[in-house]
Structures are given as structure tokens and as C-alpha cells.
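User: I would like to learn how to read burial in a protein model, beginning with a single residue and ending with the whole chain. Could you take me through it step by step?

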Amino acid sequence: MIFKVYYQELPLEVPVREKTKTVYVEAESEREVRAKLLPFNYNIELVQALTGAHLEFEKQSESFKILELA
């Protein structure tokens with residue numbers, strides 16, 4: 001399953017919409033996504049599962065690239 005993760009790069013800053021970034025991660029669950037991103041020390045705002053038409057829409061975006069994590 002593909003997940004879209006909204007995050008802030010600096011974990012101690014208050015989240016500000018203009019600084020929110022996104023990354024796409026392939027995983028079996030939200031818990032697995034969070035575990036994979038733990039070494040990056042991101043302030044994760046939201047982990048959203050992408051399926052069906054929503055996934056197809058996101059694939060059309062220039063920024064759609066699945067982050068390769070072990």
C-alpha cells in the first residue's frame with residue numbers, strides 16, 4: 001500500500017502549513033511507515049493511505065516519487 005506522509009523537517013518547531021512537506025512511502029501499515037521514517041526524526045503530521053482514484057490522481061503529480069526505504 002502507498003501512504004502519503006505530511007511532515008515538518010524540524011521536530012521541535014510548531015507545524016506551519018507553508019513548511020509542510022510530503023513524502024510517499026510503500027508499507028503494509030501506518031505503524032510500518034512511522035517505523036521506516038523514525039531515523040529521519042521528522043515531525044509527522046499525518047499519514048494518509050492512498051487507494052483507488054486518489055492514488056491515481058497523486059501519481060499524476062510531478063512530486064510523486066516513492067521513497068525507497070528498507
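Analyst: Let us begin with one side chain, keeping in mind that this is a predicted model. Leaving aside neighbours within four places in sequence, Gln8 is in contact with Pro15, Val16, Lys19, Thr20, Tyr42, Asn43 and Glu45, and Gln8 itself belongs to strand S1, residues 2–8.

User: Is Gln8 buried or exposed, and which backbone oxygen lies 3.2 Å from a polar atom of its side chain?

Analyst: Gln8 has a relative accessible area of 3%, so it counts as buried, the cut-off being under 20%. The backbone oxygen in question is that of Val16.

User: How should I read burial along a helix?

Analyst: An α-helix has 3.6 residues a turn, so residues three or four places apart point the same way. In helix H1, residues 30–37, the buried residues are Val33, Lys36 and Leu37; they lie on the same side of H1 because they cover an arc of only 90° around the axis. Arg31 and Ala35, on the other side of H1, are exposed.

User: What covers the buried residues of H1?

Analyst: The cover includes S1, strand S2 (21–26), strand S3 (43–50) and strand S4 (66–67). Along the chain the elements run β-β-α-β-α-β from the N terminus.

User: What is the radius of gyration of the chain, and what would a compact globule have?

Analyst: The chain has 12 Å, which agrees with the value near 11 Å for a compact globule with 70 residues. Of those 70 residues, 27% count as buried, and among contacts with a separation of 6 or more, 62% are between residues 24 or more positions apart.

How values were computed: Residues numbered from 1 in each chain as written. Predicted model: local features only at pLDDT ≥ 70, side-chain atom pairs only at ≥ 80, totals over all residues. Heavy atoms only, no water. Helix = DSSP H or I, 4+ residues; strand = E, 2+ residues; numbered from the N terminus. Buried < 20%, exposed > 50% of the residue type's maximum accessible area, 1.4 Å probe, protein only. Polar contact = N/O pair within 3.5 Å; in protein donor to acceptor, adjacent residues only side chain to side chain. Contact = heavy atoms within 4.5 Å. Arc of directions from axis to C-beta. Rg over C-alpha atoms; globule rule 2.2 N^0.38 Å.
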